[in-house]
Amino acid sequence: RLLVDMATLTGAARVALGPELPALFGSRTETVEALLRHARAHADPLWPMPLWDGYEEEIASRVADMNNVSASTFAGAVIGGLFLRRFVGAARDWLHVDLYAWNGKDRPGRSIGGEPQAVRALYALRRLEPWKVPTSELYVMLRATLVLPVEEAIELLEHYRAGVEAA
């Protein structure tokens, strides 16, 4: 089973990739590549990032199980991904999308405001490879304020898209 979390975890991903390109981390290369395929096919860009084990020591602590932040100013997005991975477990198929979820400029079909980044790609993964993501387990959080089952999120996108195309 696939566990997906989507959050604005670090500002470091925005610094590295900008606001239009969410960072993608994952425990299994096959699953990361599958989501990237769907992202390309649905104009829902994502960029794969490494979970570099060499940075694990950055969240080590002398007084606790771990730190939730590194003393270093480098590799913040990767270190954030490593922090989350500790809660997932080694046997779990897991994806983390570090996203901004906001459009700062108007683009065709994507006006200024909230943007459901990675939702189209995840929906395609769920629809075309359902064994990876059972519908009952996939929820989408849009800008940390609205949690919806993926089908409802896609309905909102389609409604929005229809309104943009009609205008």
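Let me start with Asp-98, which sits in strand β4 of what is, I should say at once, a predicted model. Is Asp-98 buried or exposed? Its relative accessible area is 0%, and because anything under 20% counts as buried, Asp-98 is a buried residue. If you look at what surrounds Asp-98, and leave aside residues up to four places away in sequence, you will find that it touches Ala-7, Thr-8, Leu-9, Thr-10, Ala-13, Arg-14, Pro-22 and Ala-23. One of those neighbours, Ala-23, is also the bridge partner of Asp-98, linking β2 to β4.

That bridge leads us to the sheet. Strands of a sheet pair through backbone hydrogen bonds, and they may do so in either the parallel or the antiparallel sense. Here 4 strands form an open sheet, in the order β1-β4-β2-β3, and the pairing is mixed. The edge strands are β1 and β3, each of which pairs on one side only.

Let us walk across the sheet, one pair at a time. Between β1 and β4, which run parallel, there are 6 bridges, and as an example you can find Met-6 with its bridge partner Val-97 in β4, while Leu-3 stands opposite Trp-94, again in β4. Moving on, β2 and β4 run antiparallel and are joined by 4 bridges. Finally, β2 pairs with β3 in the parallel sense, over 2 bridges, and here Ala-23 appears again, with Trp-47 as its bridge partner in β3.

Please stay with β1 for a moment, for its side chains alternate along the strand. Which of them are buried? Leu-2, Val-4 and Met-6 point to one face and are buried, whereas Leu-3, Asp-5 and Ala-7 point to the other face and are not.

Now to the helices that lie over these strands. Helix α2 lies across β1, β2, β3 and β4, and runs at about 150 degrees to β2, while helix α3, residues 76-88, lies across β1, β2 and β4, at about 145 degrees to β4. In the order β2, α2, β3, the chain makes a right-handed β-α-β unit.

Does the length of α2 agree or disagree with what we should expect for a helix? It has 13 residues, from 29 to 41, and at 1.5 Å a residue these should span 18 Å; the C-alpha atoms at its ends are 18 Å apart, so the two values agree. Just after α2, Ala-43 takes a positive phi of about 50 degrees.

The buried residues of α2 are Thr-31, Val-32, Ala-34, Leu-35, Leu-36, His-38 and Ala-39. They pack against all the strands we have just crossed, that is β1, β2, β3 and β4, and also against helix α4, residues 119-128. Take Val-32 as an example from this helix: its relative accessible area is 11%, and because that is under 20%, Val-32 counts as buried. Val-32 touches Leu-24, Phe-25, Gly-26, Pro-48 and Leu-95, if we again leave out residues up to four places away in sequence. Its C-alpha atom is separated by 9.0 Å from that of Trp-94, although the two residues are 62 residues apart along the chain.

This brings us to the nonpolar interior. The largest nonpolar core has 21 residues, and those with the most contacts inside it are Met-6, Leu-24, Leu-35, Leu-46, Leu-95 and Val-97. At least two residues of this core come from each of β1, α2, β4, α4 and α5, and the largest share, 5 residues, is supplied by α2. Apart from this core lies another, of 14 residues, among them Ala-13, Phe-25, Phe-83 and Val-88. As for Leu-24, beyond its close neighbours in sequence it touches several residues, including Val-32, Leu-35, Leu-46, Trp-47, Leu-95 and Val-97.

Let me finish with the whole chain. It contains 5 helices and 8 strands, which follow one another along the sequence in the pattern β-α-β-α-β-α-β-β-β-α-β-β-α. Of its 167 residues, 40% count as buried. Among contacts with a separation of 6 or more, 65% are between residues 24 or more positions apart, and the pair we began with, Asp-98 and Ala-23, is one you can look up in the structure as a contact.

Terms used:
Residues are numbered from 1 along each chain as its sequence is written. This is a predicted model: local features need pLDDT of at least 70, side-chain atom pairs count only at pLDDT 80 or more; totals for chains, interfaces and linings use all residues. Side-chain values use heavy atoms; hydrogens and water are left out. The expected span of a helix is 1.5 Å times one less than its number of residues. Buried means under 20% relative accessible area, exposed over 50%, partly exposed in between (1.4 Å probe, protein chains only). Contact means heavy atoms within 4.5 Å. Two strands pair if DSSP finds at least two bridges between them. A crossover is right-handed if, with the strands pointing away from the viewer, the path from the first strand over the helix to the second runs clockwise. A nonpolar core is a set of buried Ala, Val, Leu, Ile, Met, Phe, Trp, Tyr and Cys residues joined through side-chain atoms within 4.5 Å. Axes are lines fitted to C-alpha atoms, for helices over the stretch in contact, and angles run from 0 to 180 degrees between N-to-C directions.
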